Amino acid sequence: MNAVRLPAWARLVAPVVVGLAGLLAWYAFVASGSAPRMLPDPVAVATELVERFPLVWEAAGVTGTNALVGLLAGTVIAVLLAALAATWRPVDGMTAPLVAALAVVPIVALTPILNTMFGASSQFGRQAVAGIAAFVPVFVNTLRGLRQTRPVQRDLFRATAATSGQTFWRLTLPVALPYLLTGVRVAASLAVISALVAEYFGGPADGIGTAIATYAKSGRAALAWAFVGGGIAIGLIFFVVTALLERLVARRLGALRP
């Protein structure tokens, strides 16, 4: 059976409808009187978000910067190592245990160590955590993409006397690029989450995660949830930008194919 493709307007309206339904359910749950004390209604959260927007914006800038630096650094290192692993099998054998270890390392255990290692005034520990989280999906997807070229394709390039550089830029990279961008899209969300988590465990007293913990402990639940909204906004921005980049590149590559 063929899947029914929804029109463009329906794909845009559906998430909005689901979001509004969720907000209404949230408001009804709080109004019923059975909600926990630390769960305010969405109107109170929206009010705090509007009144304290400069604070939320400043904290979001710190968290977003840490996530972006970690994403970029993790992506660059992952692509370089994936290229080496795809070229030389010994490098692949050496990096496989490292990637497997990084994939299962508990971020909540690693973060306090890095924050303590680099000092309470440095953002580097948080950026390193975001970079580690972003590294694994980018490496795995890029390595898979670099291995997607078929022997007959490589033989064709050799038969036309193409150099290794020409083969890489005209064959290997275009084939691997969609896999790389898929890894970046997954890594973007992980980088934001990891940056938020890292802010709970030491480091400078700024960022969305630190604000959530501070205001939740002081009983200002609505303000804490307003900062949660700021964190959600950062994650959505990262996801939308990387998804649009992935779609743009896919269209460009599709236009280049005969």
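What percentage of the 258 residues in the protein is buried? In this predicted model, buried residues make up 36% of the total. The fold is helices from end to end, with 10 of them and 0 strands. Below is a quick tour, starting with the whole chain and then moving on to the salt bridges, a surface patch and a few residues picked out from helices H6 and H8.

**The overall picture**

- Going along the sequence, the pattern reads α-α-α-α-α-α-α-α-α-α.
- Take the box along the principal axes, and the C-alpha atoms fill roughly 75 × 50 × 30 Å.
- Among contacts between residues at least 6 apart in sequence, 73% join residues that are at least 24 apart.
- About 15300 Å² of the protein is exposed, and carbon and sulfur atoms supply 71% of that area.
- On the charge side, there are 19 positive and 9 negative side chains. The centres of those two sets sit 15 Å apart.

**Salt bridges**

- How many salt bridges turn up in a search of the whole structure? The search finds 3.
- Glu48 pairs with Arg52, and their closest N and O atoms are 3.7 Å apart. Glu48 counts as buried because its relative accessibility is 18%, under the 20% cut-off. Arg52 comes in at 33% relative accessibility, so this partner counts as partly exposed.
- Asp206 pairs with Arg126, with 3.1 Å between the closest N and O atoms. This pair links distant parts of the chain, 80 residues apart: Asp206 is in the loop between helix H8 (164-198) and helix H9 (208-217), while Arg126 is in helix H6 (residues 124-146). Asp206 has 27% relative accessibility and therefore counts as partly exposed. Arg126 is at 0%, so this arginine counts as buried.
- Glu246 pairs with Arg185, and here the closest N and O atoms are 2.5 Å apart. Why does this pair tie together parts that are 61 residues apart in sequence? Because Glu246 lies in helix H10 (residues 221-256) and Arg185 lies in helix H8. Glu246 is buried, with a relative accessible area of 18%, whereas Arg185 counts as partly exposed at 24% relative accessibility.

**A nonpolar patch on the surface**

- Which residues form a nonpolar patch on the surface? They are Trp9, Leu12, Val13 and Val17, and together they have about 450 Å² of accessible area.
- Leu12, one of the patch residues, has its place in helix H1 (residues 8-31).
- Is Leu12 buried or exposed? Leu12 counts as exposed because its relative accessibility is 65%, which is over the 50% cut-off.

**Helix H6: Ala134 and Thr142**

- Ala134 is found in helix H6. With 0% relative accessibility, Ala134 counts as buried.
- Which residues is Ala134 in contact with, once its neighbours within four places in sequence are left aside? They are Gly70, Leu71 and Ala187.
- Ala134 and Val184 are 50 residues apart along the chain, and their C-alpha atoms are separated by 7.6 Å.
- Thr142 also belongs to helix H6. Its relative accessible area is 4%, so Thr142 is buried.
- Not counting residues up to four places away in sequence, Thr142 touches Val79, Ala82 and Leu180.

**Helix H8: Phe168**

- Phe168 is found in helix H8. At 31% relative accessibility, this phenylalanine counts as partly exposed, because the partly exposed class lies between 20% and 50%.
- With neighbours within four places in sequence set aside, Phe168 is in contact with Leu146, Leu173 and Pro174.
- How far apart are Phe168 and Leu146 in space, C-alpha to C-alpha? The distance is 9.4 Å, and the two are 22 residues apart in sequence.

Note on methods: Residues are numbered from 1 along each chain as its sequence is written. This is a predicted model: local features need pLDDT of at least 70, side-chain atom pairs count only at pLDDT 80 or more; totals for chains, interfaces and linings use all residues. Side-chain values use heavy atoms; hydrogens and water are left out. Patches are made of residues with over 30% relative accessible area and no salt bridge: like charges are joined within 9 Å, nonpolar side chains (Val, Leu, Ile, Met, Phe, Trp, Tyr) within 5 Å. Accessible areas come from the Shrake-Rupley method with a 1.4 Å probe; for residues, only the protein chains shown count as cover. A salt bridge is a side-chain nitrogen of Lys or Arg within 4 Å of a carboxyl oxygen of Asp or Glu. Helices (H or I, at least four residues) and strands (E, at least two) are DSSP runs, numbered from the N terminus. Buried means under 20% relative accessible area, exposed over 50%, partly exposed in between (1.4 Å probe, protein chains only). Contact means heavy atoms within 4.5 Å. Lys and Arg count as positive and Asp and Glu as negative; His and the chain ends are not counted. The place of a charge is taken as NZ of Lys, CZ of Arg, CG of Asp or CD of Glu.
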